[in-house]
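Hello,

Here is the structure I promised to pass on to you. Please have a look at it first, and then read my notes below.

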Amino acid sequence: MAKTYQNQQIETEHLMKALLEQNGLATTLFNKAGVSTSKLQEYTDTFIKRQRKVKNTPNNIYLGHSLSILTLLYNSERGT
């Protein structure tokens, strides 16, 4: 998603957009929880469109602040 939208940093909204576009388990869970997936999609699209664009998207894409924290927590649970 980040490369598609010419963003150099992956944010949680990129992950959310990818999950929503799969129209699979995530969408089913949101629907069962009463969450409007169309509103969620609209929010993620708005957020992604506001992110800084890089003209020639480099091969090095970085994790945004929120995802780097998730990675840290995941690694700490694994003991790595």
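**Salt bridges**

The structure holds two salt bridges. Please keep in mind that this is a predicted model.

Lysine 17 is the residue to click on for both of them. One partner is glutamate 21, where the closest N and O atoms are 2.9 Å apart. Glutamate 21 and lysine 17 both sit in helix H1, four residues apart, which is about one turn of the helix. The other partner is aspartate 45, and here the closest N and O atoms are 2.6 Å apart. Aspartate 45 belongs to helix H3 (residues 37-50) and lysine 17 to helix H1, so this pair ties together parts that are 28 residues apart in sequence. Taken together, Lys17, Glu21 and Asp45 are linked in a network of salt bridges.

How accessible are the three? Lysine 17 counts as buried because its relative accessibility is 4%, under the 20% limit. Glutamate 21, at 47%, counts as partly exposed, and aspartate 45, at 21%, counts as partly exposed too.

Glutamine 41 is worth displaying alongside this network. Glutamine 41 lies in helix H3 and touches Lys17, Leu20 and Glu21, leaving aside residues up to four places away in sequence. With a relative accessible area of 18%, glutamine 41 is buried.

**A buried glutamate without a salt bridge**

Next, please look at glutamate 13, in helix H1 (residues 12-22). Glutamate 13 is buried yet has no salt bridge. As a general point, side chains of opposite charge can pair when their charged atoms come close. For glutamate 13, the nearest side chain of opposite charge is that of arginine 50, 9.9 Å away; a salt bridge would need a nitrogen and an oxygen within 4 Å, so this pair does not count as one.

What does the side chain of glutamate 13 make a polar contact with? The partner is the side chain of tyrosine 43, at 3.3 Å. Not counting residues up to four places away in sequence, glutamate 13 touches Tyr43, Thr44, Phe47 and Ile48.

**The buried face of H1**

Glutamate 13 and lysine 17 also turn up together in another list: the buried residues of H1 are Glu13, His14, Lys17 and Leu20. Seen down the axis of H1, these residues fall within an arc of 130°, so they line one face of the helix. Their packing partners are strand E1 (9-10), H2 and H3.

In H2 (residues 25-32) you will find alanine 26. Alanine 26 is buried, with a relative accessible area of 18%. The C-alpha atoms of alanine 26 and methionine 16 are separated by 8.8 Å, and the two residues are ten apart along the chain.

**Two positive phi angles**

If you check the backbone torsions, two residues deserve a moment. In general, most residues other than glycine have a negative phi. Asparagine 23 is not a glycine, yet has a positive phi of about 50°. Asparagine 23 follows H1 and is found in the loop between H1 and H2. Asparagine 23 is exposed, with a relative accessible area of 60%.

The other residue is glutamine 6, again not a glycine, with a positive phi of about 55°. Glutamine 6 is in the segment before E1. With a relative accessible area of 32%, glutamine 6 is partly exposed.

**The chain as a whole**

Finally, some totals for your records. The chain has four helices and two strands, and from the N terminus on its elements run β-α-α-α-β-α. Of its 80 residues, 19% count as buried. The chain exposes about 6000 Å², of which carbon and sulfur atoms supply 54%. Among contacts between residues at least 6 apart in sequence, 69% join residues at least 24 apart. The bridge between aspartate 45 and lysine 17 also ties together distant parts of the sequence, 28 residues apart.

If you want a quick route through the file, I would start at lysine 17 with its partners Glu21 and Asp45, and then go to glutamate 13 and its polar contact with tyrosine 43.

Best wishes

Technical notes
Residues numbered from 1 in each chain as written. Predicted model: local features only at pLDDT ≥ 70, side-chain atom pairs only at ≥ 80, totals over all residues. Heavy atoms only, no water. Buried < 20%, exposed > 50% of the residue type's maximum accessible area, 1.4 Å probe, protein only. Lys, Arg positive; Asp, Glu negative; His and termini not counted. Polar contact = N/O pair within 3.5 Å; in protein donor to acceptor, adjacent residues only side chain to side chain. Contact = heavy atoms within 4.5 Å. Arc of directions from axis to C-beta. Areas by Shrake-Rupley, 256 points an atom, 1.4 Å probe, with all protein chains shown as cover.
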